[in-house]
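Please take a moment with the sequence and the model shown below, and keep both in view while reading. The paragraphs that follow begin with a small detail and then widen to the chain as a whole.

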Amino acid sequence: MLDLKYSMQHLLARMLHKTNPKASMKAVDGMIQDFAFRFLRVSLSLSSSAHQDSVAALQHLHKIANMANRNGDKAVSAMSAVIEALAHLQQGSGFDSIEQAQRALAVARSHQLNDELRHIPQLTTLVQMVDICCSLLEYDINQSSQKLKNLQDLMDERLNDPNWRADGSFSIPLSGKSAGPSSIDTGDILQVQNGTLLLSFNWLPQHDLYALCYFLSSITLSCKNSYDGRSFKSPQDITESMVNANRRVEWRRTLYCNLLLQQVFLACGRTDWDLASKTLKDLRQEAQELGECLPDTVQCLMEYAEGTIAQATGDLKAALDAFQSPLLSLSPSTSKTARNDPQRDIALLAALNTVLILRDPTHASHFQLPNILATVESFCKGSPNKYIQAAYYLVCATVQTESTIQTKQFLQQALQSATAISNSQITCMTLTFMSWKYFRGVVGEQAEKSARAGRAMAKKANDRLWVSVTDEMLAETLERQGKNDEAKGVREEGHRVMMGLPSALKRPA
């Protein structure tokens, strides 16, 4: 009954983790003797947000890698390396976490041409997906797009691979040296096939994995204003336990919510507020069905989207209610350096949006401005997120009125940050503000160049509001230059674009 005892110990640790995580990890520590329990210990540690647990996970991964290298287990070495890369992306707190993840990925890739790994499509796909995430977090749009194409080609190539299993599990081979006393067939953990001992992992069925790749594709291409999305609500027939089936349905619903969120923000990027509102309404209905299972990050993004749409359509009161809701409040204990903290970053964006509303001196809550800026300053200046930095410096430039030198510094920092991440929207707003601030009413070639640059970026960002604004600014500049015919054409185009904006944003005739 040794094989049954082995499986029961593994299951016991997993069940215990649901009610008492510390006890489960302690129990696994007492049973660690081979790769199966070491990988289980890593999985349990990474499910915790505590820093000491993520450190413990990395220590165990290094032990796994050392054992694998000694025993010649190349597949195990690759598996531990790709999990280490994921750990650095998810829980890394230093600015070098992306570099550490890439180093781990290089180790995984060094084994990819090995025969043992070539026949594991799940592992090669995972390596490719983590690699794309590294480029996205480094804000390298061209590189992430190229890697995305490689992933899509790989997925197409492996579409009919016989190694896809219906339940999403996959196995990696172990050498005889590492098998030890557990070289037995335990069914769901260790299996013997054609005389080779295999270690099994649970992951995603092919259908779910393709859905996740579509989502990753949309995120990668969103900077180019791409639009994609499909519903994966209809279940796939998979023979599995009720517990696993429920977990899979919950995962799919969560992914579907994230797909809808991506559609909301893509619609916002296109200034299609009707579509954004409709999609957000669909999302709220889906979120209601998920109930308590809905991730906090999704809730925060929904609230932020609500505020964004309200602000963009001129309902500033509703926008402030959303941006200042408890869901989007910044906690003093929140880490300023953790790379992966979506709730913190969403709260910072909400605060910056609030500043843009309250900067109007006639606003009843204008007095709150200094306090909000003081709160976000330490978070934004040292933020590992360059999008946050670019937005922060632009907002600071628009509220800074005392020092011309300081305003110019903020604008330069905003432009540098936005250019570095190829963000056409923030680049457009920065150039337009610079033109308005320093060339309003000025006659000369530099004033015209500045106005044209802002207009070109507005068109590139495909933002109707800013196209309308920059057209009017360029028309005024051209009139001062005596170029009345061109000014008339530009103004007419701007007016046509303006007529498609929400009524609250239209300029009086």
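Which residue in strand 3 is the bridge partner of Phe 170? In this model, which is a predicted one, the partner of Phe 170 is Phe 201, and a further bridge partner in strand 3 is Leu 197, which is matched with Leu 174. These two pairs belong to strand 1 and strand 3, which pair in the antiparallel sense over five bridges. Strand 3 also pairs with strand 2, residues 190–193, to which four bridges join it, and here too the strands run antiparallel. Gln 193 stands opposite Thr 196 of strand 3, and in the hairpin that these two strands form, with two residues between them, Asn 194 takes a positive phi near 55°.

How are these strands placed with respect to the rest of the chain? Strand 1 is largely enclosed by the rest of the structure, because five of its five residues are buried. In a regular strand, the side chains alternate between the two faces of the sheet. On strand 1 both faces are covered, with Phe 170, Ile 172 and Leu 174 buried on one side, and Ser 171 and Pro 173 buried on the other. Strand 3 is mostly covered as well, since five of its six residues are buried.

From the strands, the view can be extended to the nonpolar interior. In soluble globular proteins, nonpolar side chains tend to be buried together. The largest nonpolar core of this model has 40 residues, and the members that touch the most other members are Phe 35, Phe 39, Ile 172 and Leu 199. At least two residues of this core come from each of helix 3 (35–46), helix 4 (51–71), helix 5 (74–91), helix 6 (97–109), helix 8, strand 1 (170–174) and strand 3 (196–201). Helix 5 gives the most to this core, with ten residues. Leaving aside residues up to four places away in sequence, Ile 172 touches Ala 75, Val 76, Met 79 and Ile 120, and also Leu 197, Leu 198, Leu 199 and Phe 201. Apart from this core lies another one, of 39 residues, which includes Val 376, Ala 390, Tyr 393 and Val 395.

Helix 8, which spans residues 121–137, also holds a polar residue to look at, Ser 135. Ser 135 counts as buried because its relative accessible area is 0%, and its side chain is joined to that of Gln 143 by a polar contact of 2.9 Å. Not counting residues up to four places away in sequence, Ser 135 touches Asp 140, Gln 143, Ser 144 and Lys 147.

It remains to set these details within the whole chain. The protein chain has 23 helices and three strands, and its C-alpha atoms fill a box of roughly 90 × 45 × 40 Å along the principal axes. Of its 509 residues, 49% are buried, while the chain exposes about 25,200 Å², of which carbon and sulfur atoms supply 53%. Among the contacts between residues at least 6 apart in sequence, 66% join residues at least 24 apart.

Technical notes: Residues are numbered from 1 along each chain as its sequence is written. This is a predicted model: local features need pLDDT of at least 70, side-chain atom pairs count only at pLDDT 80 or more; totals for chains, interfaces and linings use all residues. Side-chain values use heavy atoms; hydrogens and water are left out. Buried means under 20% relative accessible area, exposed over 50%, partly exposed in between (1.4 Å probe, protein chains only). A polar contact is a pair of N or O atoms within 3.5 Å; within protein, one must be able to donate a hydrogen and the other to accept it, and residues adjacent in sequence count only if both atoms are side-chain atoms. Contact means heavy atoms within 4.5 Å. A nonpolar core is a set of buried Ala, Val, Leu, Ile, Met, Phe, Trp, Tyr and Cys residues joined through side-chain atoms within 4.5 Å. Two strands pair if DSSP finds at least two bridges between them. Accessible areas come from the Shrake-Rupley method with a 1.4 Å probe; for residues, only the protein chains shown count as cover.
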